[in-house]
Amino acid sequence: MSGTGPATAGVVAPRTTVRAVLARRADEPGALLPILHEVQDLLGCIPADVVPEIASALNLSRAEVHGVITYYHHFRSEPAGRHVIQVCRAEACQALGADALLAHAEHRLGCRSHASSADGRYTLEPVFCLGLCASSPAIVIDERRHARVSPAAFDRLIGALEEEDTAEAAR
């Protein structure tokens, strides 16, 4: 699976999508997180210009909604790159080289953590615990888990991704 979600199609689509999600979920107890998850799943991000509408529907301030979006690293206000790479930062992975792996990933991909590469190909996200503690350090590339990832293994995985992209573009 490549990419993380559909691109937004036009100016109206995000607001229309958010309104549909709000119509289904706004009356649910604890609706904010499910709404944010669904909006991001559908749009690939939570655009800043829909935050006031979400806040209004839930009788929250814009600051409260923005605070939740920025608190959880899962949520993003800009679309992710074509490929999302997550590097585990939990203790087991740190003990076995995750810090060096993350630094290597930043250099190899040409972007910092919590950012996307200039070409829009990659988004790099540090995450906490992928559940592969016994096989550290671990990463996820486009929802596929990889264990015991060294910088050399990371380079091979990214190289394979680039080959797939090239083959797909040639079709």
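## A tour from helix α3 outward

Start with helix α3, residues 51-58, where Val-51, Glu-53, Ile-54, Ala-55 and Leu-58 are buried. Buried means under 20% relative accessible area, exposed means over 50%, and partly exposed lies in between, with a 1.4 Å probe and protein chains only. Helices (H or I, at least four residues) and strands (E, at least two) are DSSP runs, numbered from the N terminus. An α-helix has 3.6 residues a turn, so residues three or four places apart point the same way. Step past the end of α3 to Asn-59, which has a positive phi near 55 degrees.

This is a predicted model, in which local features need pLDDT of at least 70 and side-chain atom pairs count only at pLDDT 80 or more, while totals for chains, interfaces and linings use all residues. Residues are numbered from 1 along each chain as its sequence is written, and side-chain values use heavy atoms, with hydrogens and water left out.

**Zoom out: the whole chain**

Colour by secondary structure. The protein chain has seven helices and five strands. From the N terminus on, their order is α-α-α-α-β-α-α-β-β-β-β-α. The C-alpha trace spans about 50 × 40 × 20 Å along its principal axes. Of the 171 residues, 41% are buried. Now turn on the surface. About 9300 Å² is exposed, and carbon and sulfur atoms supply 55% of that area. Accessible areas come from the Shrake-Rupley method with a 1.4 Å probe; for residues, only the protein chains shown count as cover. Contact means heavy atoms within 4.5 Å. Among contacts between residues at least 6 apart in sequence, 62% join residues at least 24 apart.

**The cores**

Which residues touch the most other members of the largest nonpolar core? Select Ile-35, Leu-36, Ile-46, Ile-54 and Val-65, out of 18 residues in that core. The helices α1, α2, α3 and α4 (62-71) each supply at least two residues of this core. Its largest share, five residues, comes from α2. A nonpolar core is a set of buried Ala, Val, Leu, Ile, Met, Phe, Trp, Tyr and Cys residues joined through side-chain atoms within 4.5 Å. In soluble globular proteins, nonpolar side chains tend to be buried together.

Centre on Ile-35. Leaving aside neighbours within four places in sequence, Ile-35 is in contact with Val-21, Leu-22, Arg-25, Ala-26, Ile-54 and Leu-58. Apart from the largest core lies another, of 16 residues; Ala-105, Tyr-122, Ile-139 and Val-149 are among them.

**Helices α1 and α2**

Pick Thr-17 in helix α1, residues 12-25. What does its side chain reach? Show the backbone oxygen of Ala-13, at 2.8 Å from the side chain of Thr-17. Not counting residues up to four places away in sequence, Thr-17 touches Leu-42 and Leu-43. Draw a line from the C-alpha atom of Thr-17 to that of Val-50: the two are 9.9 Å apart, with their positions 33 residues apart along the chain.

Move to Leu-43 in helix α2, residues 32-43. Leu-43 counts as buried because its relative accessible area is 5%. Its C-alpha atom is separated from that of Ala-160 by 27 Å; the two residues are 117 apart along the chain.

Stay on α2 and select Leu-33. Is Leu-33 buried or partly exposed? Its relative accessibility is 31%, so Leu-33 is partly exposed. Add Tyr-71 and Tyr-72: with Leu-33 they make a nonpolar surface patch of about 310 Å². Patches are made of residues with over 30% relative accessible area and no salt bridge (a side-chain nitrogen of Lys or Arg within 4 Å of a carboxyl oxygen of Asp or Glu). Like charges are joined within 9 Å, and nonpolar side chains (Val, Leu, Ile, Met, Phe, Trp, Tyr) within 5 Å.

**The loops between strands**

Go to Ser-117, in the loop between β2 (115-116) and β3 (122-127). Ser-117 is buried because its relative accessibility is 7%. Leaving out residues up to four places away in sequence, Ser-117 touches Leu-109, Gly-110, Cys-111 and Tyr-122.

Next, show the backbone from Ser-136 to Pro-137. This peptide bond is cis, with omega near -10 degrees. Pro-137 sits in the loop between β3 and β4 (139-141).

Finish in the loop between β4 and β5 (144-146), at Asp-142. Asp-142 is not a glycine, yet has a positive phi of about 50 degrees. Glu-143 lies in the loop between β4 and β5 too. Glu-143 has a positive phi of about 70 degrees and is not a glycine either. Which of the two is buried, and which exposed? Asp-142 is buried because its relative accessible area is 3%. Glu-143 is exposed because its relative accessibility is 59%.

How values were computed. A polar contact is a pair of N or O atoms within 3.5 Å; within protein, one must be able to donate a hydrogen and the other to accept it, and residues adjacent in sequence count only if both atoms are side-chain atoms.
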